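Let's take a walk through this one together. Have the sequence and the 3D view open side by side as we go.

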Amino acid sequence: MNIARRTLATIAPLTGALALALAAGIAQPAAANAQPAAADFACPLVAGICAYDVDDNLRVLYDDEADIIPPIVRAANFSGDSWCFYNWFGYGGARQELAPGQVADDFGFVVRAARRGSCD
């Protein structure tokens with residue numbers, strides 16, 4: 001019984017200190033502006049692209065789309081392939097590539113087309 005009490009007396013303060021450290025934000029990622037992980041992006045379990053349009057409606061992409069209406073403003077790549085996002089219909093204009101697991105909280109433009117593969 002003495003061993004159990006000593007163990008509890010040792011563990012309890014350590015557990016409390018860890019809880020305080022977490023609550024104080026000490027255990028945060030090193031880079032404050034790091035791109036969020038795809039796991040932090042609100043999305044159902046899919047093997048594709050989870051995207052939100054200009055009206056903040058969820059849209060899931062599985063196939064290439066040359067004409068996205070309403071346009072997408074943020075996305076997470078849950079597929080196993082890179083995807084290229086374009087600000088013009090028909091795959092033109094400014095573009096940004098998302099590798100598998102990557103998130104774009106802001107493309108810097110509205111996305112009007114997207115297709116599987118590299119932007120090259």
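What follows goes from the nonpolar core to the strand pairing, and then to a glycine further along the chain. Keep in mind that this is a predicted model.

Start with the largest nonpolar core, which has 14 residues. The members that touch the most others are Ile-49, Leu-61, Ile-72, Ala-75, Phe-85, Phe-107 and Val-111. Three elements give two or more residues each to this core: strand S1 (49-53), strand S3 (72-77) and strand S4 (83-88). Apart from this core sits another one, made of six residues, including Val-46, Tyr-52, Ala-76 and Val-103. Nonpolar side chains in soluble globular proteins do tend to be buried together.

Ile-49 is a handy place to zoom in. Setting aside neighbours within four places in sequence, Ile-49 is in contact with Arg-59, Val-60, Leu-61, Ala-75, Ala-76, Asn-77, Trp-83 and Phe-85.

Now for the pairing. S1 and S3 run antiparallel, with five bridges between them; Asp-53, for instance, has Ile-72 in S3 as its bridge partner. S3 also pairs with strand S6 (residues 103-104), again in the antiparallel sense, through two bridges. Here Ala-75 is matched with Ala-104 in S6.

Finally, move along to Gly-117, in the segment after strand S7 (113-116). Is Gly-117 buried, partly exposed or exposed? Its relative accessibility is 24%, so Gly-117 counts as partly exposed. Not counting residues up to four places away in sequence, Gly-117 touches Ser-82, Trp-83 and Cys-84. Cys-84 is 33 residues away along the chain, yet the C-alpha atoms of Gly-117 and Cys-84 are separated by 6.2 Å.

Notes:
Residues are numbered from 1 along each chain as its sequence is written. This is a predicted model: local features need pLDDT of at least 70, side-chain atom pairs count only at pLDDT 80 or more; totals for chains, interfaces and linings use all residues. Side-chain values use heavy atoms; hydrogens and water are left out. A nonpolar core is a set of buried Ala, Val, Leu, Ile, Met, Phe, Trp, Tyr and Cys residues joined through side-chain atoms within 4.5 Å. Buried means under 20% relative accessible area, exposed over 50%, partly exposed in between (1.4 Å probe, protein chains only). Helices (H or I, at least four residues) and strands (E, at least two) are DSSP runs, numbered from the N terminus. Contact means heavy atoms within 4.5 Å. Two strands pair if DSSP finds at least two bridges between them.
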